[in-house]
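Me: I should like to learn how to read the local features of a protein model. Could we proceed one feature at a time, with the general idea before the case?

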Amino acid sequence: MNTYARFPIALVRGEGARVWDADGKGYLDFVAGIAVNSLGHCHPAVAKAVSEQVRTLIHVSNLYHIEPQARLAKALCDHSFADRVFFCNSGAEANEAAIKLARRYGAEQAQGRSEIITALNSFHGRTLATLTATGQEKIRLGYDPLPAGFRYVPFNDLDAVVDAVDERTAAILVEPIQGEGGVVVPDVAYIRGLRQLCDDKRLLLMFDEVQVGMGRTGRLFGYEHFGVEPDVMTLAKALGGGLPLGAMLAREDVARSFPPGSHASTFGGNPVVCRAGLAVMETILEAGLVENCEAMGNALRQGLEALAQRFTFIREVRGKGLLLGLEMDRECGSMVLECMKEGLLVVLAGANVLRMVPPLTIGQAEVDEALEILERVLERV
Ligand SMILES: *Cc1c(COP(=O)(O)O)cnc(C)c1O
């Protein structure tokens with residue numbers, strides 16, 4: 001169906017940070033499937049793991065133990081706050097699972113509380129519950145009646161959250177850094193304040209790390225920037241190295257509200273996607289990609305800040321690691337198109353923000369090349 005306003009090219013091949021279209025034209029890919037291909041396209045470790053697995057066992061039901069799934073769950077828990085993982089197939093489903101867990105936890109362990117507070121300008125997915133959690137009217141338009149039990153407050157405004165909490169509140173769900181909403185990094189005090197508030201009122205703090213998780217911001221998980229841990233976290237995008245894999249992670253005492261039969265997915269955590277996820281996790285750790293992300297993020301950011309000095313229609317450079325946004329004083333859809341013509345793929349985050357989310361594997365030469373192309377395009381604005 002015609003749900004995507006597509007660019008007039010078809011991408012047919014990818015390698016590292018480059019993709020080629022059906023006419024053979026190459027592009028430097030600073031979209032990376034929107035923060036999915038964090039190891040670059042067709043990384044050999046992912047290709048090898050997946051091809052081995054498809055020759056061994058492609059799918060079995062979650063009625064049985066699945067070795068790659070258990071190994072990936074262990075790797076995620078070993079490197080995060082979490083004790084338990086539920087696997088699914090997308091970011092929306094991961095958040096859907098978090099919403100369901102919060103409601104069950106509220107019913108069983110928190111006096112029947114069920115309301116979830118989310119932030120304005122957030123993005124949590126496109127299922128009915130997750131688009132309702134999403135604090136953007138344009139995403140919810142036309143889908144009434146929506147599920148009840150969500151409340152929105154401005155992002156990065158602790159007082160607004162404090163005021164919104166009442167005896168119905170079960171959880172707070174936020175992106176530790178907003179991606180789709182314009183690449184917005186909140187104050188450390190805000191995220192720490194949310195943690196304190198949740199501790200005081202016995203609420204669940206749930207971080208949607210679908211975009212920022214798995215090294216994207218120069219830390220393995222976004223929450224590490226703030227010195228706090230959530231009770232629940234969702235992952236997807238980069239988790240499966242390009243294969244559809246989502247996860248909802250929680251501490252043991254919270255995960256207890258999900259007993260056998262309370263939630264399920266046919267494909268969630270199947271052997272192939274989890275082998276891909278294991279290859280992603282191992283490569284990120286062994287190849288030092290979090291460190292490379294921080295270094296290349298700093299290099300790219302410096303270059304973008306130099307451009308912002310020169311071109312006054314750039315209002316601000318924002319982000320962390322290799323999740324960077326340029327806020328303009330105008331809509332910048334045409335700049336995205338011009339970059340594409342010049343061989344650089346970038347993506348919007350709201351009408352006025354040009355976003356870059358390249359593979360975490362990029363080097364200085366690719367950063368320089370992207371900056372050169374962007375400069376050429378900005379000179380023509
Ligand atoms: C992309 C995204 C989602 C939705 O993920 P899908 O896999 O498209 O369902 C949810 N939350 C955040 C923060 C995202 O960036």
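Reply: The dialogue below takes aromatic pairs, strand pairing, the ligand site and burial in turn. Please keep in mind that this is a predicted model.

Me: How many aromatic pairs does a search of the whole structure find?

Reply: A pair of aromatic rings is described by the distance of the centres and the angle of the planes. In this structure the search returns 4 aromatic pairs. One of them joins Phe155 and Tyr190, whose ring centres are 5.5 Å apart; the planes stand at 75°, so the pair is edge-to-face. It links distant parts of the chain, 35 residues apart: Phe155 belongs to the loop between strand 6 (150–153) and helix 7 (158–164), and Tyr190 to helix 8 (residues 188–201).

Me: Are Phe155 and Tyr190 buried or exposed?

Reply: Phe155 and Tyr190 are both buried.

Me: What is the geometry of the aromatic pair of Phe221 and Tyr223?

Reply: Phe221 and Tyr223 are stacked, with 5° between the planes and 5.9 Å from centre to centre. Both residues are buried. Together with Phe81, they form one aromatic cluster.

Me: Rings may also be approached by charged groups. Which ring does the charged end of Arg13 sit over?

Reply: The charged end of Arg13 sits over the ring of Trp20, at 4.1 Å from the ring centre. Trp20 belongs to strand 2 (residues 18–21), where the side chains alternate. Val19 and Asp21 point to one face and are buried, whereas Arg18 and Trp20 point to the other face and are not buried.

Me: How many bridges pair strand 1 with strand 2, and in which sense?

Reply: For any two strands, one reads the direction, the number of bridges and the residues that stand opposite each other. Strand 1 (residues 11–15) pairs with strand 2 in the antiparallel sense over 4 bridges. Opposite Arg18 of strand 2 stands Glu15. The two strands form a hairpin with 2 residues between them, in which Gly16 takes a positive phi near 60°.

Me: Which residue in strand 3 does Arg18 stand opposite?

Reply: That residue is Leu28. Strand 2 and strand 3 (residues 26–29) run antiparallel and are joined by 3 bridges. They too form a hairpin, with 4 residues between the strands, and Gly24 in the turn has a positive phi of about 90°.

Me: Let us turn to parallel strands. How many bridges join strand 7 to strand 8?

Reply: There are 4 bridges between strand 7 (residues 169–174) and strand 8, and the two strands run parallel. Val174 stands opposite Phe207 in strand 8. With helix 8 added, strand 7 and strand 8 make a right-handed β-α-β unit. Tyr190 of the edge-to-face pair lies in this helix.

Me: What is the bridge partner of Phe207 in strand 9?

Reply: In strand 9 (residues 232–235), which runs parallel to strand 8 and is joined to it by 3 bridges, the partner of Phe207 is Met233.

Me: Why is strand 8 described as largely enclosed by the rest of the structure?

Reply: The argument rests on burial along the strand: 5 of the 5 residues of strand 8 (residues 204–208) are buried, so the strand is largely enclosed by the rest of the structure. Leu204, Met206 and Asp208 point one way, Leu205 and Phe207 point the other way, and all are buried.

Me: Which residues surround the ligand?

Reply: A ligand site is read from its surrounding residues and then from its polar atoms. Among the residues around the ligand are Ser90, Gly91, Asn95, His124, Glu175, Asp208, Gln211 and Lys237. A polar side-chain atom of Asp208 lies 2.8 Å from a nitrogen atom of the ligand. For Gln211, a polar side-chain atom is 2.8 Å from a ligand oxygen atom. At Gly91 a polar backbone atom is 2.8 Å from an oxygen atom of the ligand.

Me: Finally, are the loop residues Gln136 and Glu331 buried or exposed?

Reply: Gln136, in the loop between helix 5 (128–133) and helix 6 (137–140), counts as buried at 10% relative accessibility. Its side chain joins that of Lys138 in a polar contact of 2.8 Å. Glu331, in the loop between strand 12 (323–328) and helix 12 (333–341), is exposed, with a relative accessible area of 59%.

Conventions:
Residues numbered from 1 in each chain as written. Predicted model: local features only at pLDDT ≥ 70, side-chain atom pairs only at ≥ 80, totals over all residues. Heavy atoms only, no water. Phe/Tyr/Trp six-rings, centres within 6.5 Å; stacked < 30°, edge-to-face > 60°. Buried < 20%, exposed > 50% of the residue type's maximum accessible area, 1.4 Å probe, protein only. Lys NZ or Arg CZ within 6 Å of the ring centre and 35° of its normal. Pairing = 2+ DSSP bridges. Right-handed = clockwise from strand over helix to strand, strands pointing away. Near = heavy atom within 4 Å. Polar contact = N/O pair within 3.5 Å; in protein donor to acceptor, adjacent residues only side chain to side chain.
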